[in-house]
Amino acid sequence: TSEWIANAYRQCKSLGITFIDESGIGNPMTVEVDGKLVSQDLVHSCYEAFVLKDILERSTSVCEIGGGSGRTAETILKLFPHLSYTIVDVPPAINVAQWYLEKSGITNVSFVPPKDAPKHYDVYLAISVFSELAKVEVETYVKVITTGYHFYLKDQKQSTNPDDDTYVTKEYYALPNWKEILFDRQYPFYASFFEILYQFK
């Protein structure tokens, strides 16, 4: 809603979060707040870039599992253009992200199917995607993710997996071999979501 967007934007600004300009691609619902056009997706992606800022500044490669519309990639690459970025997804989702990023003028992104998910990247992201996958798919991604250095996971605390009717809880996503959990907390904008940042090495 417009009220949610305005309140979330002001909350982000109070934390010192940097906002890119709303592109308007795909005609998202926007609200003018303090003279700036803001969408719900923009709030989320700018927040995510902010909580990863220190890590992204000293990283060279990012792999996003399930890139959605491409909004997170756009935000991160506009704020940290030095990064090499790969999106792992399936059609038609990956085609949507590719179209969106081309419209946004983002060129330093690779698009690969799940079987080609790259290992040994500096940062892995999975935002609202694991709860939509079967457990065997999550386990396959975990084998790739744990070859990297950091992993940011945001997802629902509990849900029913549509693929196999598995009741999914936070424990469903537990990752092995982590060295440290840099944070593990409720996502500030949705009470039903959590966010975790793992470090593996």
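**Close-up views of a predicted model**

**View A. Strand 7 and strand 11 pair in this predicted model.** Strand 7 (residues 150–156) and strand 11 (residues 193–199) run antiparallel. The two are joined by 7 bridges. Within the pair, lysine 154 of the one strand stands opposite glutamate 195 in strand 11.

**View B. An open sheet is built from 7 strands.** The strand order is 5-4-3-6-7-11-10. Pairing in the sheet is mixed. Strand 5 (109–112) and strand 10 (180–186) are the edge strands. Each of these pairs on one side only. On average, neighbouring strands are turned by 15° against each other, direction ignored.

**View C. Helix 5 packs on the sheet.** Helix 5 spans residues 93–103. It touches strand 4 (84–88) and strand 5. The direction of helix 5 makes about 165° with that of strand 5.

**View D. Helix 1 and helix 2 cross at roughly 25°.** Helix 1 covers residues 2–14, and helix 2 covers residues 40–51. Their axes come within 9 Å. Angles under 35 degrees count as roughly parallel, so helix 1 and helix 2 are roughly parallel to each other. The crossing of helix 1 past helix 2 is left-handed.

**View E. Side by side, residues of helix 1 meet residues of helix 2.** Helix 1 contributes Trp4, Ile5, Ala8, Tyr9 and Cys12. Facing them in helix 2 are Gln40, Val43, His44 and Tyr47. By class, this contact has 7 nonpolar and 2 polar residues. No charged residues take part.

How values were computed:
Residues are numbered from 1 along each chain as its sequence is written. This is a predicted model: local features need pLDDT of at least 70, side-chain atom pairs count only at pLDDT 80 or more; totals for chains, interfaces and linings use all residues. Side-chain values use heavy atoms; hydrogens and water are left out. Axes are lines fitted to C-alpha atoms, for helices over the stretch in contact, and angles run from 0 to 180 degrees between N-to-C directions. Helices (H or I, at least four residues) and strands (E, at least two) are DSSP runs, numbered from the N terminus. Angles under 35 degrees count as roughly parallel, over 145 as roughly antiparallel, 65 to 115 as roughly perpendicular and the rest as oblique. A crossing is left-handed if the near helix is turned anticlockwise from the far one by less than a right angle, and right-handed if clockwise. Contact means heavy atoms within 4.5 Å. Ala, Val, Leu, Ile, Met, Phe, Trp, Tyr, Cys and Pro count as nonpolar, Asp, Glu, Lys and Arg as charged, and the others, Gly among them, as polar. Two strands pair if DSSP finds at least two bridges between them.
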